[in-house]
Amino acid sequence: MVQSPVQHTTVTEEMIRIITQRVDRVFGLMGNGNVDLISGLTSQGFGFTGVHHEVAAVTAADAYYRATGKLAIATATYGAGFTNMATGLAEAQLARIPMVVVVGDAPSTGRRPFDIDQQTVTVGLNIPVMTVSAENVTSTLTRAFDMAEDGQEPVMVLVPYDLGNLPAGDRSSYEAYEPITQPTATDEQLHMIAQALVTAKRPLILTGGGVVRTGTGQLARQLGDAVGAVFMHSLTASNVCGTEHSLGIAGGFTPEHKLPAVHAADMVLILGATTNAFQTRKGALFATDNIYRIDLSDRWNQTLPTAQTVFADLTDALPRLLHAVESLQPRPSSYRQEVAGLIGADGLDQEPVYGTDGQLNPRHVAAKLNEVLPANRQVVLDGGHYITWIGERFDIPDPASLIAVGTAFQSIGLGFGSAVGASVGSPEKFTVCISGDGGGQMALADLGTFINQTDRGAVIVFNDAAYGAEIHQYAVQGADPTAMYLPYVDFAAVGQAMGGVGITVETIEDLDYFAQWLSSGTDGVAVVNIRISTEFAHPAMRPGATG
Ligand SMILES: Cc1ncc(C[n+]2csc(CCOP(=O)(O)OP(=O)(O)O)c2C)c(N)n1
Ligand SMILES: [Mg+2]
């Protein structure tokens with residue numbers, strides 16, 4: 001009798017088994033280090049989105065999480081595939097985005113002349129890293145998912161590329177992951193904040209990404225309603241409390257005419273929001289020192305050293321705080337009624353629509369775009385001067401509908417790649433990716449990916465033929481502007497070449513063509529190239545304004 005050979009599960013097969021159990025989407029670009037993995041996934045019809053530059057594998061997985069709350073995988077080959085990911089990884093780590101990054105690595109026999117030390121580079125990015133072996137593939141990959149989810153961070157899994165066809169080791173070797181214990185507030189601490197809220201004349205609650213992640217927006221709203229507080233939110237927490245008593249976005253994006261209403265606050269409670277220089281206008285956003293924070297760690301308080309911080313998980317702390325406030329039987333403050341009288345005119349109608357160069361004023365453009373874009377918008381931003389106008393003028397329905405990958409690491413050039421992940425994650429929304437011409441040229445590799453992956457959406461380029469942010473911040477202080485100006489690129493033509501519908505906007509009325517395209521309901525992606533003047537600087541760009 002001929003004995004049939006024992007069927008082993010290979011390392012690659014075992015990785016695919018775990019991946020398909022834990023996620024529904026992989027973003028990546030292949031090479032020798034990950035071709036078998038991708039091939040094994042696509043051959044079974046698994047959701048794989050190919051990108052054109054590896055940084056987009058990471059930023060698309062990042063935006064996918066921000067859009068859906070679901071963890072995704074980014075994969076690349078060893079060497080250049082890995083190094084191309086670095087900027088996206090630094091952003092994901094700083095922004096606390098869970099993802100598992102699966103990357104090929106040098107063979108288990110040792111580095112070849114062209115291999116680099118990927119482990120050390122990953123450690124340098126502050127990202128946990130683990131290396132798969134044939135014996136531990138199950139436990140390693142499972143642990144990577146658990147760590148990423150629980151720790152809210154990217155986790156790197158390196159796979160020596162020669163191991164793929166070896167039999168995978170004992171599946172039972174996995175030791176259960178020990179979840180991180182979160183800090184808990186004491187009753188006294190919560191009572192202190194409750195007292196401050198109840199005795200304040202004009203309490204203000206600033207909500208951030210921590211409120212979004214813990215799903216505590218409604219609790220924060222109830223807390224504010226109990227004391228008559230006014231709300232603000234960070235960039236990542238648009239409309240998280242669903243209240244009309246909000247002064248909108250906090251920080252550099254806060255329009256100047258709303259600042260008197262913010263400065264009137266005599267007590268501020270910050271819930272799960274980073275207080276970086278931009279968010280607090282270098283600590284000057286609030287006129288009071290009577291500031292309290294509830295957050296998991298002090299890592300995110302960068303500008304308010306005197307704020308009283310209670311370290312706690314909002315899921316536990318907010319219901320208890322609400323109870324503490326209610327037991328003090330507060331009388332709601334009159335702040336909400338006073339706010340209308342404190343907000344000045346926004347002054348848009350006083351501003352010219354064009355500069356003396358004949359090009360458009362970006363503030364008017366942002367205001368009109370806000371009117372014409374569909375309500376079910378999902379706005380993906382790159383970085384640059386132009387985003388100040390979007391932050392100021394755009395209505396965003398909920399936190400998941402404003403995605404700005406790159407703000408934590410202060411990187412431009414991540415817009416089109418991240419728009420891929422947002423669009424794939426929430427195809428029911430109208431995804432609009434807004435970019436500058438500088439960041440747009442940096443991200444160009446994945447403009448075509450976004451166009452191809454999106455049934456209906458738009459790319460809008462605020463094109464001032466310049467690194468506008470540098471002109472408005474540094475040329476005004478005497479830096480030579482030569483290298484700040486860029487050759488003009490017609491993004492409508494570039495977009496058309498990649499399968500989009502090109503629309504050129506030189507006058508404010510030209511935006512009606514875009515409005516018509518939107519109302520026609522035609523499938524596809526409009527690529528709208530808008531010529532912007534370099535003469536209009538947002539106040540947040542003033543030297544030293546926000547850091
Ligand atoms: C990767 C990277 N390189 C350089 C910078 C510095 N930087 C910040 S904004 C900016 C200009 C962006 O130009 P553009 O995308 O055209 O937008 P604009 O400021 O003109 O509106 C530059 C170069 C950066 N933030 N990230
Ligand atoms: Mg520009």
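Which residue of E12 does aspartate 295 stand opposite? I start with that small detail, and before answering I should say that what you have in front of you is a predicted model. The residue is phenylalanine 311, which stands opposite aspartate 295, and the strands concerned are E11, residues 291-295, and E12, which pair in the parallel sense over four bridges.

Stepping back from that pair, we come to an open sheet of six strands with parallel pairing, in the order E9-E8-E7-E10-E11-E12. The edges are formed by strand E9, at 246-249, and strand E12, at 308-311, each of which pairs on one side only. On average, neighbouring strands of this sheet are turned by 15° against each other, if direction is ignored. Across strands E7 (203-207), E8 (230-233) and E10 (267-271) lies helix H10, residues 217-227, and this helix runs at about 175° to E7.

Now to the domains, where the assignment of the chain gives domain 1 as 11-170, domain 2 as 187-342 and domain 3 as 348-541. Between domain 2 and domain 3 the C-alpha centres are 31 Å apart, and their contact takes twelve residues from domain 2 and 13 residues from domain 3. The side of domain 2 that touches domain 3 comprises seven nonpolar, four polar and one charged residues.

Finally, ligand 1 is surrounded by 19 residues, and the closest are Gly384, Gly436, Gly438, Gly439 and Gly468. Two elements give two or more residues to this shell, namely helix H17, at 437-442, and helix H19, at 468-473. By class, the shell around ligand 1 divides into six nonpolar, ten polar and three charged residues.

Notes:
Residues numbered from 1 in each chain as written. Chains lettered and ligands numbered in written order. Predicted model: local features only at pLDDT ≥ 70, side-chain atom pairs only at ≥ 80, totals over all residues. Near = placed C-beta within 6 Å. Nonpolar A, V, L, I, M, F, W, Y, C, P; charged D, E, K, R; others polar. Pairing = 2+ DSSP bridges. Axes fitted to C-alpha atoms, helices over the stretch in contact; angles between N-to-C directions. Contact = placed C-beta atoms within 7 Å. Domains from an automatic or database assignment.
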